[in-house]
Amino acid sequence: MRIGLVAPPWIPVPPPSYGGTESVVHTLATGLVEAGHDVVLAASSDSTCPVPRVSRMEPSTATTMDSGRQEILHVLRAYDAMVDVDVVHDHTILGPLALRLPPNIPRATTLHGPFDEELTRIYGAMRPGTSLVAISEHQASTARNIKIDAVIHHGIDVRDVRYSPAHRGGACFLGRMHPNKGLLQAIMVAREAGIPLRIGAKMREPFEEDYFHDVIEPLLGPDVEYLGELAAAEKYQLLGESVALLNPIQWSEPFGMVMIESLATGTPVVATRRGSAPEIIRDGETGFLADTVTGLARALQSCEGLDRSASRRDAEQRFSSQRMVRDYVRFYTSLLARSPRTARETTAARF
């Protein structure tokens, strides 16, 4: 099968640090090639994903991530180069609104954002025939009058993640410097539990810096340390050294890559019972779910007694890149079976 993948233009694939969607696209692209499929990837020109890529793309434009013009040009270049693929899998928002793709090529898009008012209008306006993939059952359950064709959890290449059978003490937090990610609550939980906390967080946007200086920085001390934004190797080292990942999210996050990354190192996750967390964490086995700071603090104290190999095993069985690739290949195959081109080719083969 020949598959065209379209990544957003804002961040290289794979991302040098923060970039959940771009990490998923990279893992999917390399996994499809490993499984024997042909892949052509449309991504920013500074991407380093080792698969064939569309030429004449522009460099990443993270500083102008709200520019519709940049995304439109990116999508047009991508689709112009994908006239010979069997299926297009688009991870942009604007791409599935475009008429550019030949009508006989099936198109799928993965919905990486929440079904808020704005994205619901956009998803509802996507071209007829575009198949929609949700990234969690919870995300799919929030779709209003929008048909979801499949639910496929994200995966990571667990083979590349070092398993840590023992921790060195302390909890960690990884994410964006944003109130919705629950960093303030993580600090409160760690302090109530009497366990030190180390923080790795993206902080590039002005509102992220304001939140840090106004809310988080005054709370730092010997028991709460901000490490900055971490590269992949630093992130996995922090996770592996920690007794638990604190993920007290304050919104219904559609997935949450950091949770499966933590499980892959063997580190359990302590999270609020929101969004996809109940789908990812096996409460009492690979972490704990709770609804209050006190409940989360008690859960954090209980992580010492969890079997870290259970977390690793769960990542290998439920959240591996190989499982994700198998799920998407089955999905692509179902799209091809229903496509007009396949039907015509099947009919022609009979004569």
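This passage describes two parallel sheets and the helices that pack around them in a predicted model.

In this predicted model, local features need pLDDT of at least 70 and side-chain atom pairs count only at pLDDT 80 or more, while totals for chains, interfaces and linings use all residues. Residues are numbered from 1 along each chain as its sequence is written, and side-chain values use heavy atoms, with hydrogens and water left out. Helices (H or I, at least four residues) and strands (E, at least two) are DSSP runs, numbered from the N terminus. Two strands are taken to pair if DSSP finds at least two bridges between them.

One open sheet holds six strands in the order β2-β1-β3-β4-β5-β6, with parallel pairing. Its edge strands are β2 (38–42) and β6 (150–151), each of which pairs on one side only. Strand β1 (residues 2–6) is joined to β2 in the parallel sense over five bridges, and glycine 4 stands opposite valine 40 in β2. Helix α1 packs on this sheet and touches β1, β2 and β3 (87–90), contact meaning heavy atoms within 4.5 Å. The direction of α1 makes about 170° with that of β1; such angles run from 0 to 180 degrees between N-to-C directions, and axes are lines fitted to C-alpha atoms, for helices over the stretch in contact.

A second helix also meets α1. Helix α1 (residues 20–34) and helix α12 (residues 321–338) pack at an angle of about 75°, with their axes 9 Å apart. That makes α1 roughly perpendicular to α12 (65 to 115 degrees; under 35 counts as roughly parallel, over 145 as roughly antiparallel and the rest as oblique). On the α1 side the contact includes Val24, Leu28 and Leu32, and on the α12 side it includes Met324, Val325 and Tyr328. By class, this contact has eight nonpolar, four polar and one charged residues, where Ala, Val, Leu, Ile, Met, Phe, Trp, Tyr, Cys and Pro count as nonpolar, Asp, Glu, Lys and Arg as charged, and the others, Gly among them, as polar.

Another open sheet of six strands follows the order β9-β8-β7-β10-β11-β12, again with parallel pairing. Here β9 (224–228) and β12 (287–290) stand at the edges with a single partner strand each, so one side of each is left without a neighbour in the sheet. From one strand to the next, the twist averages 25°. Strands β7 (residues 171–176) and β8 (residues 197–202) run parallel and are joined by six bridges, with phenylalanine 173 opposite isoleucine 199 in β8. Helix α5 (residues 183–193) packs on the sheet, touching β7, β8, β9 and β10 (244–247), and its direction makes about 170° with that of β8. Helix α7 (residues 232–241) touches β7, β8, β9 and β10 as well, its direction making about 145° with that of β7.
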